[in-house]
Amino acid sequence: MEFRIAADELKKALYRAQGIVERKTTMPILANVLVTANKGGITVTAFDLDIGVVSEHPAEVIKTGAVTLSAKYVFDIVQNLPDAQVTLKKLANNYVDISSGSAHFKIVGMAAEEYPKLPKEENAPLVQVGGNTLLEMIKKTQFAISSDETRYILNGVFFEPQSTGKVRMVATDGHRLALVERELPGDFKLKSGVIIPRKGLMELKRLLDEAPDAECHLGFAENSALFKKPGLTMVMRLIDGQFPEYQRVIPKEGEKVVLVPKVRLLESLKRIALLSADKSNAVRIGLEENQLIITASNPDLGEAKDVLELAYRGNGITIGFNARYLMDVLAVTETDEVSFELGDEHSPGVLHAPGDRSFTAVVMPMRV
Amino acid sequence: MRAIIHVDMDAFYASVEQRDNPALRGKPLIVGGHAQRGVVVAASYEVRPFGVRSAMPMARATKAAPHALVVKPRFAAYAEASEQVFAIFERYTPLIEPLSLDEAFLDVTASVGLFGTPADIARRIRKEIADELNLPASAGVATVKFVAKIASDLAKPNGQREVRAEETVAFLAGLPVSRLWGVGPKTEEALRLAGLKTIGDVAARDLDWLEDRLGSSGRHLWELSQGIDTREVVPDRAAKSVGAEDTFDEDLVGVDALKPHVHAQALRVARRLRRAALKGRVVQLKLKFADFTLITRRTTLREATDDGQTLYRAALELLDKSHQGKPLRLTGVSVQLDEEPPQLGLFPAAAPRTAKLNAALDKIAERFGSKAITTADIAGSEATDSAEHRSERPVDKGGPKD
């Protein structure tokens with residue numbers, strides 16, 4: 001194997017691998033990428049046995065062949081090369097010579113034959129999807145994914161095509177839930193929703209972020225997902241299991257509804273939460289006539305209070321919330337105002353754009 | 001100004017034995033384990049003039065008082081009596097801080113309007129304990145905890161003493177410095193060398209002088225000598241942890257011998273958690289080896305629990321890893337309570353089946369006593385009940401040694 005490639009191109013390929021390769025693993029080869037030189041170009045493959053990305057790049061191939069190399073070290077090397085071009089050449093015993101301008105590296109690799117094979121998902125019915133839409137949907141749900149590994153069903157986003165040509169994505173950690181519904185027409189041929197794991201979703205987000213306008217295809221087969229865009233293929237294993245019945249925990253409409261200026265609320269939560277006890281981010285949200293009052297107290301520090309003027313008539317109420325949960329929602333809300341629906345101290349708070357529930361977040365109170 | 005009562009049962013285990021067996025009444029009585037290797041668990045007032053004290057080796061105690069009657073401890077009976085005593089406390093205030101099976105602080109500040117002066121309340125509590133349970137108790141009444149505790153000690157046996165706010169400094173002045181919380185033999189020696197023998201000597205010095213010589217504990221001692229003690233009565237509900245431990249009659253070796261004790265402790269902790277509607281995630285096992293070295297090991301459960309079997313499984317895992325096959329004189333199980341304000345969940349979790357079982361067990365225990373129903377491995381053994389302890393807020397650390 002020998003090829004010559006633009007350093008930036010190789011850097012891009014290795015960057016895509018960084019989030020996937022596993023450094024702490026009993027299989028050392030999973031810390032490597034598989035570099036394959038074909039006629040006309042190279043592919044760089046990263047695979048952690050659950051998620052695999054194959055990245056194609058133009059290169060001047062002198063001799064075809066394949067080898068695996070440390071994803072991290074070669075990435076670091078490529079970022080520090082003196083020249084815009086770099087040549088990789090496989091030597092005996094899977095050593096690889098990396099040369100660029102005046103610099104030479106001789107790197108220990110491992111045999112390509114030992115690299116685990118990616119599952120072939122050619123049967124997946126691919127649907128063309130808008131990269132920007134998919135990106136938006138990921139951003140509006142990812143924060144609610146559970147990081148509690150014992151609740152692995154919740155360690156991903158539920159992807160549920162609707163009959164209307166729309167797709168719903170839902171994430172919940174058992175305390176809060178985020179739901180977004182957007183146009184993603186096409187037949188995914190799914191009987192029910194599937195759960196996309198957090199790590200795969202984050203990689204997908206990273207790939208979409210590179211070029212959201214690129215032509216993207218998404219499909220599902222067996223228990224895997226397949227994502228393609230020009231020069232790139234990604235496969236990932238889905239989470240196997242039953243996502244909870246999320247519809248049941250989304251209230252129709254709260255008893256008390258207020259329209260709140262988004263930025264004001266976000267900033268206010270941020271400053272008041274500074275005084276919440278023990279990093280719990282617990283704040284109290286009170287509604288009184290034409291006022292929303294946010295307070296927090298910490299036995300070691302003191303108290304904080306902020307008042308937002310808004311239109312409200314009705315009974316006064318105070319409900320505890322984790323400010324972080326509310327801030328996560330507001331941070332991805334695009335409208336200037338947000339509709340905040342409240343029940344009682346034990347009922348969820350609901351946030352959505354005024355008159356638009358296509359992005360809805362449900363947040364359970366805290367006992368404070 | 002607070003009204004604090006410290007109630008302390010007199011020679012509790014011995015009094016229970018004398019109550020339940022008329023042949024023991026008025027006699028020098030030692031409650032203790034093995035004649036050679038055990039320790040004295042309790043000594044009746046009749047045997048105390050001979051120098052017999054609890055925790056003394058049995059061999060020494062029987063030598064000092066060869067005429068004394070000796071009975072084996074019946075922990076289940078003491079735990080039962082203890083629950084009855086605490087039930088009487090609960091008639092007067094919810095602010096009860098148990099220090100052990102036979103001792104508690106009561107904050108009766110808010111009860112005065114209902115039941116009379118703090119001294120009246122103490123008298124009523126002692127009378128009800130005497131009438132209903134036929135057991136003697138002593139009480140100290142003061143405005144702060146440590147003074148109430150000293151007062152009850154001075155009132156023993158079967159008496160009570162009140163120290164009013166304005167009398168506090170004078171009351172303390174004549175007492176030896178060793179009466180102050182946090183003064184052990186080392187500090188006592190340091191104070192003696194500085195010419196301070198009584199609490200009054202400490203109070204007479206100024207703060208800077210004490211701080212120069214004793215560092216930060218100088219301020220603490222000076223405050224105590226002035227009768228200043230800001231610690232509140234912390235009921236289980238506000239405690240940081242709930243625990244149970246017991247010292248064995250004789251040292252035990254091996255998991256099989258220790259298991260029933262750890263199991264009983266776990267069940268007891270869980271019962272107290274449920275009674276206070278609390279749960280905890282961090283389980284701690286305390287082991288004291290025969291050579292008195294003390295180790296604690298902890299583990300964090302996936303979710304907070306009030307289930308005794310769950311606590312037992314966690315404690316047993318810790319025990320397996322840490323007992324080292326060495327002889328042990330004490331085990332203790334405790335649970336650190338969840339402190340975070342609880343976040344409510346979206347998906348109503350079905351109450352685990354254990355919750356139903358525990359509710360049924362609690363009802364049986366409530367009606368027929370805590371030994372009416374238990375698990376097979378600890379049935380009929382002395383491990384059924386164990387001494388209780390509770391950890392307090394950090395500021396309360398270094399309390400008095402009895």
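Modeller: Let me begin with a definition: angles under 35 degrees count as roughly parallel, over 145 as roughly antiparallel, 65 to 115 as roughly perpendicular and the rest as oblique. The model is predicted, with local features needing pLDDT of at least 70 and side-chain atom pairs pLDDT 80 or more, while totals for chains, interfaces and linings use all residues. Residues are numbered from 1 along each chain as its sequence is written, chains are lettered from A and ligands numbered from 1 in the order in which they are written, and side-chain values use heavy atoms, without hydrogens and water.

Colleague: Thanks! Why are α5(A) and α6(A) called roughly antiparallel?

Modeller: The axes of α5 (residues 262-272) and α6 (residues 323-331) of chain A come within 10 Å and cross at roughly 150°. Over 145 degrees counts as roughly antiparallel, so α5(A) and α6(A) earn that description. Axes here are lines fitted to C-alpha atoms, for helices over the stretch in contact, with angles from 0 to 180 degrees between N-to-C directions. Helices are DSSP runs of H or I with at least four residues, strands runs of E with at least two, numbered from the N terminus.

Colleague: Which residues make the contact of these two helices?

Modeller: Lys262(A), Leu265(A), Leu266(A), Leu269(A) and Lys270(A) of α5(A) meet Ala323(A), Leu326(A), Met327(A) and Leu330(A) of α6(A), where contact means heavy atoms within 4.5 Å.

Colleague: How do you know that Asp10(B) is buried?

Modeller: Its relative accessible area is 2%. Buried means under 20%, exposed over 50% and partly exposed in between, using a 1.4 Å probe and protein chains only, so Asp10(B) counts as buried. Asp10(B) lies in the loop between β1 and α1 of chain B. Leaving out residues up to four places away in sequence, Asp10(B) touches residues including Ser15(B), Tyr45(B) and Lys156(B).

Colleague: What makes α1(B) largely enclosed?

Modeller: In this helix, residues 12-20, 7 of the 9 residues are buried, so the rest of the structure largely encloses α1(B). Among the buried ones are Phe12(B), Tyr13(B) and Val16(B). Their cover includes β1 (4-9), β2 (29-32) and α3 (75-89) of chain B.

Colleague: And how much of chain B is buried?

Modeller: Buried residues make up 50% of its 402 residues. Chain B has 14 helices and 13 strands.

Colleague: Which residues touch the most other members of the largest nonpolar core?

Modeller: Of its 99 residues, these are Leu134(A), Phe159(A), Leu269(A), Leu292(A) and Phe340(A). Such a core is a set of buried Ala, Val, Leu, Ile, Met, Phe, Trp, Tyr and Cys residues joined through side-chain atoms within 4.5 Å. α6(A) gives the most to this core, with 6 residues.
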